[in-house]
Amino acid sequence: MRREASVLHLDLDAFFAAVEQRDKPSLRGRPVVVGGVGGRGVVATASYEARVFGVRSAMSTREARARCPHAAFLSGRFHAYRTASRQVMAVLRDLSPLVEPLSLDEAFVDLAAADLPDLGVETVTAVARDLRAAVQEATGGLTATVGVATSKFMAKIASDLDKPDGLTVVAPGTEQDLLRPMPVAVIPGVGPATAERLRASGFRTVADLEQASEAEVVRLLGKAHGHGLHRLAHGLDDRPVVAEREAKSISVEDTYAEDVTDRTTMEGLLTRQAATVARRLAKARQSGRTVTIKVRLHDFTTSSRSQTLDAPTDHPQVIARTARALLGEVDTTGGVRLLGVGVSGLADWIQESLFGDEHDEEEPLTELPLAETSRRPAWAPGADVVHSEHGPGWVWGSGRGVVTVRFETAETGPGPVRSFAVDDPALVLLDPGRHEESDDSPADNPSP
Ligand SMILES: [Mg+2]
């Protein structure tokens, strides 16, 4: 805990849904649900208009449709979310060199590392207000809620107090007054199971925990967990803001315009990605021990699997073989929309012939075409399209050989709706997410 309120936490409001409303004027002010639109889909983000009807993240799309049948259900455009996220992180880094992103739409900023005249409440409040305006400007209108406090824990609690589009600065010395009446579940690490256990022993609020002795909490929850929790209940949190380290892994990921359902095709795609990763490792004169794959299923759930090898590698066959084996651990029967391969645990030297014998027989790098095995319609609701005559728009719906498009963009007003045959050559599905390359961990899982 610091003496001054110099830890800032920024959280974009209903991020995926807000990006959709920005780019689709007809959806502004209306319930929007982004997530898996298929039978087993899950809600990633609901706009505030949809939350009024009880739609929440991680709820099944089936239930969301029952609660809010008139919402727009969109399958999401990660390229747009990633672009907006980069814009926001750039604004934060303009303010301070110490920025710690937690996900695409959330980050801590260390104001003590910023160039400010002082860290008094008045100053940091003004800084936070300007920051929110700068984020809105840089992203074309996205709003964020900001909390500023003396620790990460308090800053995160503060940013949750005034959502959406709000700002809370917790003045130094007032932390406990704020915390005490809150339920124990506000403390990080207190999930539903721990909360239930605490409740059963009579601890409902942070104040209850604060009054307990450390020994009592440790007896209840074990040493590691109990100790940390007891400290947080007293507002004690000295975790520093840690800037993201650069290029701790090298990875490649691709989003596919159509779900890939054929296993052999998936393996071929992973093999090709492994070759790209190996090439980039070699170029950077690096090698790594841990191979990770990232798989996003048709219903938006994302998983990653890793295997750490005995020794560092930059060899395409070793990476490919490991990646294909890891794919065996993921149930992909419903099809995948994204695959990625990464290598981490980098050592900046190249290990020659660690697997010498195995490399003598080079496996050919399979060049498989994308099989036409789409299960989900390629015209995903919400996807960007362009028509040679009507211009840019988005898929409003499709079925029975017809695709319906609303022609509008962030810059236009609400636009007209028109329908076309799915094989109309004038209508083209855009997918800027294809062949996206990134240097961040393939395990990053956007969680708005
Ligand atoms: Mg958010």
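Colleague: At which residues does UniProt place the feature "binding site"?

Modeller: The model is predicted, but this feature comes from a record, an unreviewed UniProt entry. The residues span 95 residues in sequence, yet no two of their C-alpha atoms are more than 5.8 Å apart, so they gather at one spot. The entry names D11 and D105.

Colleague: Is D11 buried or exposed?

Modeller: D11 has its place in strand 1. A residue counts as buried if 20 or more other C-beta atoms lie within 10 Å of its own. For D11 the number is 20, so D11 is buried.

Colleague: Which residues does D11 touch, not counting residues up to four places away in sequence?

Modeller: One of them is the other residue of the UniProt feature, D105. D105 is placed in the loop between strand 5 (99-103) and strand 6 (106-110), and D105 is buried, with 25 other C-beta atoms within 10 Å. The full list for D11 is D105, E106, A144, T145 and S159.

Colleague: Why is helix 1 described as largely enclosed by the rest of the structure?

Modeller: Helix 1 covers residues 15-23. Its buried residues are F15, F16, A17, A18, V19, E20, Q21 and D23. They pack against strand 1 (7-12), strand 2 (32-35), strand 3 (43-46), strand 4 (72-74) and helix 4 (78-95). Helix 1 is largely enclosed because the buried residues number eight of nine.

Colleague: Which residues of strand 2 point one way, and which the other way?

Modeller: In a regular strand the side chains alternate between the two faces of the sheet. In strand 2 the residues on both sides are buried. One way point V32 and V34; the other way point V33 and G35.

Colleague: Which residue of strand 4 stands opposite V33, and which residue of strand 3 is the bridge partner of V34?

Modeller: Strand 2 is joined to strand 4 by three bridges, and these two run parallel. With strand 3, strand 2 pairs in the antiparallel sense, also over three bridges. V33 stands opposite F73, and the bridge partner of V34 is T45.

Colleague: Which strands stand at the edges of the open sheet of five strands?

Modeller: The order of this sheet is 16-15-14-13-17, with antiparallel pairing. Each edge strand has a single partner strand, so one side of each is left without a neighbour in the sheet. Neighbouring strands here are turned by 40° against each other on average, direction ignored. The edge strands are strand 16 (417-421) and strand 17 (427-429).

Colleague: Within that sheet, which residue of strand 15 stands opposite W394?

Modeller: Strand 14 (residues 391-399) pairs with strand 15 (residues 402-406) in the antiparallel sense. Five bridges connect the two. Opposite W394 stands R406.

Colleague: At roughly what angle do the axes of helix 10 and helix 11 cross?

Modeller: Two packed helices are described by the angle between their axes and the distance between the axes. For helix 10 (residues 214-221) and helix 11 (residues 223-233), the axes come within 7 Å. The crossing is right-handed, and the helices are oblique to each other. The angle is roughly 140°.

Colleague: Which residues of helix 11 are met by residues of helix 10?

Modeller: On the side of helix 10, the residues in contact are E214, V217, V218, L220 and L221. In helix 11 they meet K223, H225, G226, H227, L229 and H230.

Terms used:
Residues numbered from 1 in each chain as written. Predicted model: local features only at pLDDT ≥ 70, side-chain atom pairs only at ≥ 80, totals over all residues. Buried ≥ 20, exposed ≤ 12 C-beta atoms within 10 Å, placed from the backbone. Helix = DSSP H or I, 4+ residues; strand = E, 2+ residues; numbered from the N terminus. Contact = placed C-beta atoms within 7 Å. Pairing = 2+ DSSP bridges. UniProt positions renumbered as here; feature names shortened; annotations may be inferred. Axes fitted to C-alpha atoms, helices over the stretch in contact; angles between N-to-C directions. Parallel < 35°, antiparallel > 145°, perpendicular 65-115°, else oblique. Left-handed = near helix turned anticlockwise from the far one by under 90°.
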